[in-house]
Amino acid sequence: MAILVIAEHNNVSLHASTLNTVSAASRIASLTSSEIHVLVGGAACRAVAEAAARIAGVAKVKLADLPHLGDMTAESHAALIVAEVTNGTTAYSHILSPATSHGKNTLPRVAALLDVAQISEIIAVEDVDTFVRPFYAGNVLVTVKSSDVTKVITVRTTGFDAAISEGGTAVIEDTSATPDAKQPRLISRELSKSTRPELGAAKVIVSGGRGLGNGENFQSVLGPLADKLGAALGATRAAVDAGFVPNDYQVGQTGKIVAPQLYIAVGISGAFQHLAGMKDSKVIVAINKDPDAPIFQIADYGLVADLFTAVPEFTAAL
Amino acid sequence: MKIVVPVKRVIDYNVKVRVKADHSGVDVSNVKMSMNPFDEIAVEEAVRIKEAGNADEVIVVSCGVASCQETLRSALALGADRAIIVETDVELQPLAVAKLLAAICHKEKPQLVICGKQAIDDDANQTGQMLAALMGWGQATCASKITLNENVATVTREIDGGLETLEFPLPAVISADLRLNAPRYATLPNIMKAKKKPLETINPGALGVDVAPRLRTLKFSEPPKRGAGIKVADVAQLIDKLKHEAKVL
Ligand SMILES: Cc1cc2nc3c(=O)[nH]c(=O)nc-3n(C[C@H](O)[C@H](O)[C@H](O)COP(=O)(O)OP(=O)(O)OC[C@H]3O[C@@H](n4cnc5c(N)ncnc54)[C@H](O)[C@@H]3O)c2cc1C
């Protein structure tokens, strides 16, 4: 038996979330002494397979380099994974994917086609068949035991350290070609361009809420601070809904889950749906003019102040 | 065409949930229950599609205990035409719900299913994708915009780095994200009207679906609490603490 990890990538480079997922797989592998394989599905994506082969602990990389896999639709990738698991030469006990948009879109489809449950966003491995995952925006943790032969799992990356990305020497093996599943046509993909680090990978995050007032303030007040700290910018749902920043800035129950070394919450009240996405940060700073704002209940350092004076002062002092 | 909208009864999003002392579950006694917020957005979208003349009927479906009827009545008050409850006391997991919904889809033959992207209780984000797989249909999760043109749907989805737009033929499953629309409030006359709309009760056995859970929950627990830290007097003290105490600057 082996464990299959689904690589997250954009056909060009391997996404860091794959490393945390390999870590989760290693936890399971240490209990079963099984091998870890990584499946790279995409178009013209051999470089990704080569990067996956260098991850420490990976025994084999399966590469499906086919034009129809390039758009990363759930339909085509679920068909690929199911074919690999049911017709391939290896029996897989676990299929793990990072809980990214792609993973969350694809793995439930895989599970239904295999007639097994899917376990979402695990944060810990207790046993080969027993995992811990959050309920209720992380206010409750549940320990679940699966009775299925194949365990289909998405992994919350903040729950596992990244595996070492260099030093491994896995073999790369082409998969037997898969059928061209009928799939939606990708009309466009608009990805935010930014010179700042990605939210999921940033060591420091400066995050803004409705208190910023508008999009211009958001950039002019928080931008310079983020630049000085080499930080990513995040936001609350209220700030996104009001159009201050694009949707992919959202941190929380229904946005990104982050756990940086330092999270600076500015003009954010601290609704639990927001806390769900950032409360595992190592150090939390809150700047809010309302001394009773709930964010102060979880902040390591709270500053009761008007953000329009405090933040520029902070930036200037760095 | 018909649109099916699955709706789930969950603890209201404003309630701070508590784990029972014996770790066997979450305390639901005297707790306010509501329709899952994402499902409310799905109902609103389906009703808007019907109001725009692009659908004939909106059918809401809930799977679970008898009190899910209240949730269905709220969906009817938002403008859905009729309701189906698949009634069972068994704890339903996403795969079981997807199978029940697939059975309903075989029966009702909708052209479109719009569901919420996740339920705010188990935060699973699975049922829509599973249903699409079981039906062999296309899917678009986390939709922030839906355009229908004859038998083709164009959907903008919220994804990790931004947005993407997909086009696919119906039938299909679309799951609603928060920014798809802002649901209306049910008016009193519509709440009254909803009481008279048809509500059918079906049991899972009649649909030939095995709903036995695949996952056993061993334990519910609360995550370690993060205590409040300190309030700093000014920016200078904040920087000093971050540098010398937390050592993150
Ligand atoms: C189903 C569901 C899912 C949700 N998912 C998410 C999610 O993923 N992420 C998320 O963030 N939210 C989510 N929410 C929304 C959440 O409940 C809150 O509404 C939201 O987080 C509030 O954002 P905010 O803190 O920016 O705004 P507000 O609550 O309005 O807070 C603004 C804060 O700014 C402060 N302020 C104002 N002016 C100043 C000033 N000049 N100086 C200093 N401070 C100032 C105020 O004191 C206040 O505390 C969700 C809600 C629902 C129902």
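**Chain B and the ligand site in a predicted model**

Among the contacts in chain B that link residues at least 6 apart in sequence, 70% join residues at least 24 apart. The structure examined here is a predicted model. Chain B contains six helices and 13 strands, and its C-alpha atoms fill a box of roughly 65 × 45 × 40 Å along the principal axes. Of its 249 residues, 56% count as buried. The accessible surface of this chain amounts to about 10,800 Å², and carbon and sulfur atoms account for 53% of that area. Chain B carries 32 positive and 31 negative side chains; the centres of these two sets lie 3 Å apart.

One residue of chain B illustrates contacts between parts of the chain that are separated in sequence. B:Ile174 belongs to strand E10 (residues 172-176) of chain B. This residue counts as buried because its relative accessibility is 0%, and the cut-off for burial is under 20%. Beyond its neighbours within four places in sequence, B:Ile174 is in contact with B:Leu112, B:Val113, B:Ile114 and B:Cys115, as well as with B:Ala140, B:Ala143, B:Ile146, B:Val155 and B:Phe168. The C-alpha atoms of B:Ile174 and B:Lys117 are 8.4 Å apart in space, although 57 residues separate the two in sequence.

In chain A, helix H2 (residues 46-53) has the buried residues A:Val48, A:Ala49, A:Ala51, A:Ala52 and A:Ala53. These buried residues of H2(A) pack against three strands of chain A, namely E2 (35-42), E3 (60-65) and E10 (171-174).

The ligand is located between chains A and B. It is surrounded by 30 residues, of which A:Arg210, A:Thr236, A:Val251, A:Ser269 and A:Asn288 come nearest. Several pairs of polar atoms link the ligand to chain A. The side chain of A:Asn288 places an N or O atom 2.7 Å from an oxygen atom of the ligand. A ligand oxygen atom also lies 3.5 Å from a polar backbone atom of A:Gly255, while a nitrogen atom of the ligand is 2.9 Å from a polar backbone atom of A:Leu307. On its own, the ligand has 1,000 Å² of accessible area, and the protein covers 85% of it. Both chains supply elements that give two or more residues to the surrounding shell: helices H6 (237-241), H7 (272-275) and H8 (307-317) come from chain A, and helix H1 (37-51) comes from chain B.

Methods:
Residues numbered from 1 in each chain as written. Chains lettered and ligands numbered in written order. Predicted model: local features only at pLDDT ≥ 70, side-chain atom pairs only at ≥ 80, totals over all residues. Heavy atoms only, no water. Helix = DSSP H or I, 4+ residues; strand = E, 2+ residues; numbered from the N terminus. Buried < 20%, exposed > 50% of the residue type's maximum accessible area, 1.4 Å probe, protein only. Contact = heavy atoms within 4.5 Å. Areas by Shrake-Rupley, 256 points an atom, 1.4 Å probe, with all protein chains shown as cover. Lys, Arg positive; Asp, Glu negative; His and termini not counted. Charge placed at Lys NZ, Arg CZ, Asp CG, Glu CD. Near = heavy atom within 4 Å. Polar contact = N/O pair within 3.5 Å; in protein donor to acceptor, adjacent residues only side chain to side chain.
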